[in-house]
Amino acid sequence: MRLPVGVKVAFFALLVMGTYTYFANSIPQIESRPPQELSLEGGNVTPAQLVRAGEEIFKTKGTCEVCHRIGQKGTRAPDLAGIGARAARTRPGQSAKQYIIESLLQPAAFVVEGYPPIMPAVDRPPIALNRSELWALTAFLQSLGGTVDVTLDDIPKTAAAGAGAAPAEVKLPGDPRAGQAVFAGKGGCVACHVAGKVGAGKVGPDLSQIARIQTPDYIMRKILDPAGMGTVAGYPGGVMPQTFGQTLSAREYTDLVAFLLTLK
Amino acid sequence: MNGPTMAWRWPSILVATVLTAALAWAPPAGAEEAAREAAYRAFPLIGSRLAVWAVAQLHLNFAAFILGCPIFAVIIEIIGWRTGEERYDWLAHEFVKLTFAAFSTTALLGALLLFLFVGYYPRFWTYMTSIFFPTYWVYALLFFAETFIVYLWYYGWDWLAGSRKWIHVGLGVLSNLVGTAILFVANSWVTFMISPAGIDESGALRGGVWAAMNNFTWMPINIHRLIANIVFGGTIAAAYAAFRFLSAETDEERARYDWMGYVGNFVALAAFIVLPFAGYWLGREIYAFNQTMGITMMGGFMSWLWIVQAILIGILFLGSNYYLWLGMERIPGSERYRRFVPPMLLVLTVGFMIWATPRSMVVTLDEARAMGGTHHPFLGFFGVMSAKNTVVNLMILTTFLSFVLYRRANRESVRPWVRTGMGVQWAAFLAAAAVVVFYGVYGYFVESIVRIGFSVYQVLAVLACIVVVMAIDIPMFRGARSTGAIRWGTIAPRSQYVLILLAVTFTWLMGLMGFARSGIRQHWHVYGVLRDTSPDAVTPALGYAANVITVVTVVFFALVTFIFWLGGLGEKGRARHSRPAAAAAAGGSRS
């Protein structure tokens, strides 16, 4: 039987595309997942936990590994093996943590000789590390040959002002004043949280600067699904109610979010 | 001309255009209100991301075809007009006919894409509108202009013949200028998403919309797409001709479509040779905009994508050359040049293998220990850009040599300076190859920041070679003695499958590059400005992307086949009732 030309051509085309598809499926499959936000604000974190969190950021959200290697000379950026000790000697008058923090926030302030000035400020989009993450990352870098002594207070308050927040996002329509009333009243948030001058609860993290350290997306999700978004280190899990999605009206919810976003 | 088919095309074009304009001109404030209600909505079953991805890629494919095809159609029409050879006019009309058939589908897919953005990504669309609102007006007006000009160009083919041909050619040129302007406007939106500019820290427009349009990647993508559209248009037109060749029942028809396939492939190949240079420029601008983005693109999670790309482009090189070599068999006198085929095949094959060599191998732990890492101790040297840039330039040179030999296959120069001319041509080839290899090897001994600059010298050497060789070749073979006419229609049928292979591969490659262009933004709608917070924010792995690309490519070819079949119905009707099909097309010619 003689096959029609259309059938032969279609079969040939499908065979070609099938081959490409098979090959693309047979090589390493790597997804790029959006980074998770890390919050250590107000938590009791041990240096070991901090270093571990920092290493994770180094390899994922920070995208540091794209250019930096540890124990291997890179062509784009310096080898970071021993940076914890070396940092204290690099610039006179600067401690190790000061040098590392400056390198992360103002990379152009000092560029290691022989390397191009290509490093971005990691507290700015698209990397956009928040203060907690900068703290952890600095601790990890200090641990590479040095002593971990960085505290959250060492990270400038001005750092990460736009971290993770999408500046161009549409502003929420909620009313912050009404949201404050929800925070103190119907929502019962004050029982566990402090938000500036509102509330005195110590069960949960202090939210006085929550808009500075977290994204609107995180805050909105956290209210609706506290367990799903994880528990801040150092605080008991499972305390925050899972029922705000049902107990608050849509208006109250957007008002509450609008209020929390004013806490900077 | 084509009166019966006009009736159903007009309404669909107008509906699509009006709907597009209506949505595009919706007040920004209204869109903002909508965005406040929901940042995202879920498309049923397949999800919003996949729906937008598929429709956007289909729209791009059709748009590339209808923008690319008229560029060379008008050039062919001008050749026919100036030389008086009717077959060129027939061919130009044939190409525009294909464009015309796909025109309304492109518009409808564009409107559908807009619906998807407005409906499923309202916050994103609101933001884009806040930046680009003035350009929507320009786009809609250009679209109206393009529609009317192309209609007039197509329907006025017979009416504006003879002494009024210059008006007709002018319409063709004008349609291309307007089409290019449409491309540039749409590209400003896409490139802003990759490399936003002209905005302040809050993402609001600072100054005029021009600053946002004129971002880092805008002009490189404009040029890259313009060239790629010509390649794409050429391959699709050649594949159409191949199908008609294989289905032909007469020698005359076979000869006509053999010639059409050759011209389509020639156009594609000519544009394809310079496409990698535009790609270099685009890559460099991405690095200039943001090093992290550039490094993520080339060395991060997308690094394996470039291996797949290398294989596809290698197939395009091999296929194009193989088609030329097969084509030489129908040219009397080409026997002189067959001895060059084995070395050219060797260069292309070795180049293909090196270009497709990954830097890091997929190995087991034991294999990694045996090799001392994931880099093979020997093959690892071929997985770096120095080697890849070198071989791709050598492959371009080889393909150009194939074309030069094909061009002179049945011609013998009668110029007295022919020996000198050929000597200079060979010297140009050798000098270019030497420069390419020198900088390729030298690149292993310098820092990356220096090495990146070497690719510019390699590209310039190849371009200089092309210019020098053609500058000599054209006068050298003007008035040349013919060794016999090309026997159109006698080419081996497998050559037509090569043309289909090229069209399928290039379409698939366009899908892959669409994924790359979108994927480098990772979890950002607008890089570093508007974050993707939807459940689809994950950038999928290559296997998943390949599955989507294949499905989209199959749908694209199914639609193209259906549309061309519809166009053919009108042709059959006219053949019965009016004039005979143009028979002049296949007249024995040397070209």
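## Getting to know some helices

Me: Which residues are exposed on the other side of α12(B), away from its buried ones?
Reply: This is a predicted model, in which local features need pLDDT of at least 70 and side-chain atom pairs count only at pLDDT 80 or more, while totals for chains, interfaces and linings use all residues. Residues are numbered from 1 along each chain as its sequence is written, and chains are lettered from A and ligands numbered from 1 in the order in which they are written. A residue is exposed if 12 or fewer other C-beta atoms, placed from the backbone, lie within 10 Å of its own, buried if 20 or more do, and partly exposed in between. On that other side of α12(B), the exposed residues are B:P342, B:P343 and B:L346.

Me: Why do the buried residues of α12(B) lie on the same side?
Reply: Helices here are DSSP runs of H or I with at least four residues, and strands are runs of E with at least two, numbered from the N terminus. The buried residues of α12(B) are B:M344, B:L348, B:G351, B:F352, B:I354 and B:W355. They share a side because the arc they cover, taken from the directions between helix axis and C-beta atoms, is only 170°.

Me: What covers these buried residues of α12(B)?
Reply: We can look for contacts, meaning residue pairs whose C-beta atoms, placed from the backbone, lie within 7 Å. The cover for the buried residues of α12(B) includes two helices of chain B, α11 (303-328) and α14 (385-407).

Me: Where is the kink in α6(B) centred?
Reply: Helix α6 of chain B runs over residues 165-194 and reaches 43 Å between its end C-alpha atoms, close to the expected 44 Å. That expected span is 1.5 Å times one less than the number of residues. The bend at a residue is the angle between axes fitted to the seven residues ending there and the seven starting there. In α6(B), the kink of about 25° is centred on B:S188.

Me: Is B:Y497 buried or exposed?
Reply: B:Y497 sits in helix α17 (residues 494-519) of chain B. Its C-alpha is 7.3 Å from that of B:A242, although 255 residues separate them along the chain. Because 20 other C-beta atoms lie within 10 Å, B:Y497 is buried.

Me: Which helix gives the largest share of the side of chain A that touches chain B?
Reply: Chain A has ten helices and zero strands. In all, 37 residues of chain A are in contact with 55 of chain B. The largest share of that side of chain A, eleven residues, comes from helix α1 (residues 5-26) of chain A.
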